[in-house]
Amino acid sequence: MTEDEFAAYQSLSEETEDHRWAFGTGFADPLEGIDTSVPHGTDATALAAYCLMLGDDALIYSHRLQQWMTRMPELEEETALANIALDLLGQARMLLSRAGQAEGRGRDEDRLAFFRDEHEFRSVRLAEHTDADFAELAGRLLVFSAWRLALFGRLASSADPVLAAIAAMGARELTYHRDYAAQWVIRLGDGTPLSHGKMQAALGVIWPLVDELFQADPVTAALPGVAADPAGLRAEFDAVLATVLAAATLERPSSAPLARVAGRSGRDGVHTEAFGYLLAELQSIARAHPDATW
């Protein structure tokens, strides 16, 4: 870790007076007091777009997980899922704040989260998927966290000290998310014939959304040394999934990838039908009371 990366990491790791920053519930700017100047030679517009992509992934997936509150099979699992959702919300706050500051247009995390329209969001379509049952929830969380952990592992050495610090923190959280999901996938897959069948079916539903995670995009290509090549994450992801599926006595699905629309997908602002309903729920209070603070 370079001196700049260490300084940013220390700033992000400092305890605040109310101890709420780590859970995405503090009200101050999550990057307050941190040097957020864009590194020399880095395209600020591309950096803003990249952080927006990663922040949108976390924001949208966090909201999907929050929708499962009160629906989990046990109180302990509800608490675990709530913590995972809050971890992702915290990541979203920092990444959206970084995007707004790099962009330089005066948009803060709230403006980016609550006052953009559907086509302006750059999250992958996996994040917006509606889980039909607990098996889909566990399988999708495994896929998402295994992919994002591989990504954050690379970004921890990013040439942007702020992004590197966010990734280093996030990787610790994502390790828990991945392990939690893996335990449930194994428990269901290697359980009863009914749970095995449901888990195998759930993976078949989720698998068409996997290939999009590893597709190249122009934003990433414009940030050598800052961003991580999506294709370079596939081997690590495949190794993790192979290990979990073997332990769960499950087969790797062979479902075809979800089709792009005129060559475009989530990173281009093209989403599934479910996304509009999710966004309406997420943004309703802020849009009804645009001048309110909370």
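**Entry 1: the core**

I began in the interior of this predicted model, where I looked up the largest nonpolar core and found that it has 89 residues. The residues with the most contacts inside this core are Tyr50, Trp147, Leu151, Leu155 and Phe237. I then asked which helix gives the core its largest share, and noted that helix α6, residues 134-155, supplies 15 residues.

I followed one of these residues, Phe237, and listed its contacts while leaving aside neighbours within four places in sequence. On that count Phe237 is in contact with Val143, Ala146 and Trp147, and also with Trp207, Val210 and Phe214. Trp147 therefore appears twice in my notes, once among the core residues with the most contacts and once as a contact of Phe237.

**Entry 2: the whole chain**

Next I stepped back to the secondary structure, where I counted 11 helices and zero strands in the protein chain. Read from the N terminus on, every element in the order is written α.

I also wanted to know how the chain's radius of gyration agrees with that of a compact globule. Because a compact globule of 294 residues would have a radius of gyration near 19 Å, and the protein chain has 19 Å, the two agree. Along its principal axes the C-alpha trace spans about 55 × 40 × 40 Å.

Of the 294 residues, 51% count as buried. When I looked at contacts between residues at least 6 apart in sequence, I noted that 80% of them join residues at least 24 apart.

**Entry 3: surface and charge**

For the outside, I wrote down that the protein chain exposes about 13,300 Å², of which carbon and sulfur atoms supply 55%. The chain has 24 positive and 44 negative side chains, and the centres of these two sets lie 5 Å apart.

**Entry 4: two residues looked up singly**

Is Gln91, which lies in helix α3 (residues 75-103), buried or exposed? I found a relative accessible area of 1% for Gln91, and because buried means under 20%, this residue counts as buried. Not counting residues up to four places away in sequence, Gln91 touches Ala58, Arg148, Phe152, Gly170, Glu173 and Leu174.

I then turned to Arg111, which lies in helix α4, residues 109-114. Its relative accessible area is 39%, and since partly exposed covers the range between under 20% and over 50%, Arg111 is partly exposed. Lastly, I noted that Arg111 and Leu96 are 15 residues apart along the chain, while their C-alpha atoms are separated by 9.4 Å.

Notes: Residues numbered from 1 in each chain as written. Predicted model: local features only at pLDDT ≥ 70, side-chain atom pairs only at ≥ 80, totals over all residues. Heavy atoms only, no water. Helix = DSSP H or I, 4+ residues; strand = E, 2+ residues; numbered from the N terminus. Rg over C-alpha atoms; globule rule 2.2 N^0.38 Å. Buried < 20%, exposed > 50% of the residue type's maximum accessible area, 1.4 Å probe, protein only. Contact = heavy atoms within 4.5 Å. Areas by Shrake-Rupley, 256 points an atom, 1.4 Å probe, with all protein chains shown as cover. Lys, Arg positive; Asp, Glu negative; His and termini not counted. Charge placed at Lys NZ, Arg CZ, Asp CG, Glu CD. Core = buried A, V, L, I, M, F, W, Y, C linked by side-chain atoms within 4.5 Å.
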